[in-house]
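Me: Please give me a close look at the salt bridges in this model. Take me through the partners one by one, then through the surroundings.

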Amino acid sequence: MTTAFRLERITPDNFDIAIGLKVRSDQEHLVAPVVKSLAEAYVHPGIAWPRLIVDDGRPVGFLMAFFDIDFAGDGTGTDIRSGLWRLNIAAGEQGRGYGRFAVESVAAEIRRRGGTRLTTSWHPGDDGPEGFYLGLGFRLTGEMSGEQAVGELDVR
């Protein structure tokens with residue numbers, strides 16, 4: 001990981017900066033805006049882990065991880081997963097390693113918490129981020145989460 005990159009908690013001091021981060025207009029249909037993610041983090045405080053991605057003091061993106069959720073949602077607790085819930089890299093900041101840093105940071109936090117796999121999902125299709133995730137070593141599970149393909153990365 002690049003040492004100039006870091007994650008910051010979302011605070012009253014950086015809230016407006018965080019919600020002001022926008023992906024490219026042609027990507028808006030692929031990821032929820034940061035303000036929606038922060039609202040979801042508010043209603044899922046024990047699960048959501050929102051962070052601002054900063055490069056040498058400059059906000060460049062946002063990620064939100066999730067920890068220990070019942071992925072199947074069937075109440076049995078037999079499919080507990082952690083992973084990357086959202087990734088928004090600002091329009092003018094893409095292609096500089098921030099997405100890779102975000103995934104590596106979430107993987108490190110999952111390992112710190114005793115986990116061994118990172119789950120995420122994305123909109124399939126040529127305009128989506130599938131190539132990015134597969135290039136980082138994610139493998140498709142064959143599952144769908146709503147209309148999104150599910151991928152996993154071994155983080156041991």
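Reply: The charged pairs come next, followed by the core, a helix, the pocket and a few loop residues.

This is a predicted model: local features need pLDDT of at least 70, side-chain atom pairs count only at pLDDT 80 or more, and totals for chains, interfaces and linings use all residues. Residues are numbered from 1 along each chain as its sequence is written, and side-chain values use heavy atoms, with hydrogens and water left out.

Start with the count. The structure holds 15 salt bridges. A salt bridge here is a side-chain nitrogen of Lys or Arg within 4 Å of a carboxyl oxygen of Asp or Glu. Side chains of opposite charge can pair when their charged atoms come close.

Take Arg81 and Glu143. Their side chains meet in a salt bridge, 2.8 Å from N to O. Glu143 sits in strand β6 (residues 139-145) and Arg81 in strand β4, 62 residues apart, so this pair links distant parts of the chain. Helices (H or I, at least four residues) and strands (E, at least two) are DSSP runs, numbered from the N terminus. Glu143 is partly exposed, at 28% relative accessibility. Arg81 is buried, at 6%. The cut-offs are these: buried means under 20% relative accessible area, exposed over 50%, and partly exposed in between, with a 1.4 Å probe and protein chains only.

Arg81 has a second partner. It forms a salt bridge with Glu152, with the closest N and O atoms 3.2 Å apart. Again distant parts of the chain are linked: Arg81 is in strand β4, Glu152 is in strand β7, and 71 residues separate them. Both Arg81 and Glu152 are buried.

Glu152 also pairs with Arg117. Here the closest N and O atoms are 2.9 Å apart. Arg117 lies in strand β5 and Glu152 in strand β7, so the pair ties together parts that are 35 residues apart in sequence. Arg117 is partly exposed, with a relative accessible area of 29%. Glu152 counts as buried, at 8% relative accessibility. Salt bridges that share partners join Asp79, Arg81, Arg117, Arg139, Glu143 and Glu152 into one network.

Now the nonpolar side. In soluble globular proteins, nonpolar side chains tend to be buried together. The largest nonpolar core has 25 residues, and Ile53 and Leu118 have the most contacts inside it. The elements that each supply at least two residues of this core are β2 (48-55), β3 (58-70), β4 (80-89), α3 (98-112), β5 (117-122) and β7 (148-154). Helix α3 gives the most, with seven residues. Apart from this core lies another, of eleven residues, among them Leu21, Ala41, Ala48 and Ala90. A nonpolar core is a set of buried Ala, Val, Leu, Ile, Met, Phe, Trp, Tyr and Cys residues joined through side-chain atoms within 4.5 Å.

Next, helix α2 (residues 34-43). Its buried residues are Val34, Ser37, Leu38, Glu40 and Ala41. They cover an arc of only 160° around the axis, which puts them on the same side of α2. The arc is that of the directions from the helix axis to the C-beta atoms. On the other side of α2, Tyr42 and Val43 are exposed. The buried residues of α2 pack against α1 (15-20), β2, β3 and β4. Contact means heavy atoms within 4.5 Å.

Strand β4 turns up once more, at the largest pocket. About 840 Å³ of space lies in this pocket. It has 37 lining residues, and Val31, Arg86, Leu87, Pro129 and Tyr133 are the closest to its centre. The elements that give two or more residues to the lining are β3, β4, α3, β5 and α4 (130-135). β4 gives the most, with six residues. On a 1 Å grid over the protein atoms alone, a pocket is an open set of points where a 1.4 Å probe fits, with protein on both sides within 12 Å along at least five of seven lines; lining residues have an atom within 4 Å of a point. Grid points are joined across faces, edges and corners, and the volume is the space filled by probe spheres set on the points.

Last, three single residues. Asp56 is not a glycine, yet has a positive phi of about 50°. Asp56 is placed in the loop between β2 and β3, and is exposed, at 69%. Asp68, also not a glycine, has a positive phi of about 55°. Asp68 lies in strand β3. Arg113 is in the loop between α3 and β5. Arg113 touches Trp49 and Phe67, not counting residues up to four places away in sequence.
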